Every structure is written in C-alpha cells, then in structure tokens.
Amino acid sequence: YFLEHRDFFRMYVAAVARQITSAKPRASEFQALVDRQIGRLEQAIAKAVARREIRHVDPASAAQAIFDLTRGFAARAVMSDTGFDLQREAAFVSALVWKGLASARSK
C-alpha cells in the first residue's frame with residue numbers, strides 16, 4: 001500500500017514525527033488510528049501467549065516494537081532510491097519477529 005501511495009506515506013511519517021516531537025502531546029484522530037492498530041496487535045499477541053504459541057512476552061511492549069519495526073520497514077521501502085528488494089526485506093523482518101517470539105519448545 002505504501003509503495004503505491006508514497007505521498008500518503010510521507011504525510012503519515014510527518015504526522016508521526018509531529019506526535020513524537022510535540023512539546024505538548026495531544027490526542028488526534030491519527031493517534032487514535034495508531035492506538036487501534038497497536039491495540040489489535042497487542043490482543044493477538046496476548047492470545048498467542050495464552051495459547052503458548054509464542055514465548056511469554058509483554059503484549060503491549062511486543063506490539064509497539066513490531067509496529068515500530070514494520071513502520072521502519074515501510075519507510076525504507078518508500079524512501080529507497082536504489083535496489084530495495086521488497087521480498088527479501090519482508091522475509092527478513094518476518095523471520096526476525098517470528099524467531100524473536102518463538103517459544104522455547106519450538107527452537
């Protein structure tokens with residue numbers, strides 16, 4: 001999506017930067033969207049932990065980390081002027097997350 005809508009992604013990144021650098025954080029429609037996305041990811045992680053599909057992690061911390069990682073991945077894809085291999089990079093990020101969350105018994 002971000003590769004097809006680069007202008008939208010640039011606005012997205014600018015909105016994130018304003019949220020982060022604002023001296024006085026304020027609620028916004030954008031922040032509510034981000035919070036919902038992270039909340040859904042947190043719920044999925046909590047369920048996977050409960051079912052012992054992944055190792056015990058703090059769902060909120062893991063969700064935020066995965067969100068940040070994927071946002072960075074999208075930024076590199078959109079901003080890269082040279083040879084960004086989308087398939088290779090997506091496989092790397094996915095493997096990094098799954099290996100990091102793997103339960104001890106699946107290693």
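This report describes the helices, the nonpolar core and two chosen residues of one protein chain.

## Overall picture

The structure is a predicted model, and its protein chain contains four helices and zero strands. Read from the N terminus, the elements follow the order α-α-α-α. The chain has 107 residues, of which 25% count as buried. Its accessible surface comes to about 7700 Å², and 58% of that surface belongs to carbon and sulfur atoms. If one takes the contacts between residues at least 6 apart in sequence, 53% of them join residues at least 24 apart.

## Helices α3 and α4

The two helices α3 and α4 can be checked against the length expected at 1.5 Å a residue, as the table sets out.

| Helix | Residues | Expected span | Distance between end C-alpha atoms |
|---|---|---|---|
| α3 | 21 residues | 30 Å | 30 Å |
| α4 | 16 residues | 22 Å | 23 Å |

For α4, which covers residues 86–101, the distance of 23 Å agrees with the expected 22 Å, and for α3 the reach of 30 Å is likewise close to the expected value.

Which residues of α4 are buried? They are Glu89, Val93, Val97 and Leu101. Because these residues cover an arc of only 95 degrees around the axis, they lie on the same side of α4. A general feature of such helices helps in reading this pattern: an α-helix has 3.6 residues a turn, so residues three or four places apart point the same way. The face of α4 turned away from its buried side carries the exposed residues Gln87, Arg88, Phe92, Trp98 and Lys99, while the buried residues of α4 pack against α3, which spans 59–79.

In α3 the buried residues are Pro59, Ala62, Ala63, Ile66, Phe67, Phe73, Ala74, Ala77 and Val78. They cover an arc of only 135 degrees around the axis, and therefore they too are placed on the same side of their helix, α3.

One of the buried residues of α4 is Glu89. Its relative accessibility is 15%, which is why Glu89 counts as buried, the cut-off for this class being under 20%. Leaving aside neighbours within four places in sequence, Glu89 is in contact with Phe73, Arg76 and Phe84.

## The nonpolar core

The largest nonpolar core holds 19 residues, and those that touch the most other members are Ile45, Ile54, Val57 and Leu101. Each of the helices α1 (6–21), α2, α3 and α4 supplies at least two residues of this core. Val57 offers a view of the contacts around one core member: apart from its neighbours within four places in sequence, Val57 is in contact with Ile45, Val49, Ala62 and Leu101.

## Arg55 and the end of α4

Where is Arg55 placed? Arg55 sits in the loop between α2, which covers 29–50, and α3. Since its relative accessibility is 38%, Arg55 counts as partly exposed, a class that lies between the limits of 20% and 50%.

When residues up to four places away in sequence are not counted, Arg55 touches Val49, Gly100, Leu101, Ala102 and Ser103. Arg55 and Gly100 are 45 residues apart in sequence, yet their C-alpha atoms are 8.7 Å apart in space. A polar atom of the side chain of Arg55 lies 2.7 Å from the backbone oxygen of Gly100. Leu101, another residue that Arg55 touches, is also a contact of Val57 and one of the buried residues of α4.

Key. Residues are numbered from 1 along each chain as its sequence is written. This is a predicted model: local features need pLDDT of at least 70, side-chain atom pairs count only at pLDDT 80 or more; totals for chains, interfaces and linings use all residues. Side-chain values use heavy atoms; hydrogens and water are left out. The expected span of a helix is 1.5 Å times one less than its number of residues. Buried means under 20% relative accessible area, exposed over 50%, partly exposed in between (1.4 Å probe, protein chains only). The arc is that of the directions from the helix axis to the C-beta atoms. Contact means heavy atoms within 4.5 Å. Accessible areas come from the Shrake-Rupley method with a 1.4 Å probe; for residues, only the protein chains shown count as cover. A polar contact is a pair of N or O atoms within 3.5 Å; within protein, one must be able to donate a hydrogen and the other to accept it, and residues adjacent in sequence count only if both atoms are side-chain atoms. A nonpolar core is a set of buried Ala, Val, Leu, Ile, Met, Phe, Trp, Tyr and Cys residues joined through side-chain atoms within 4.5 Å.
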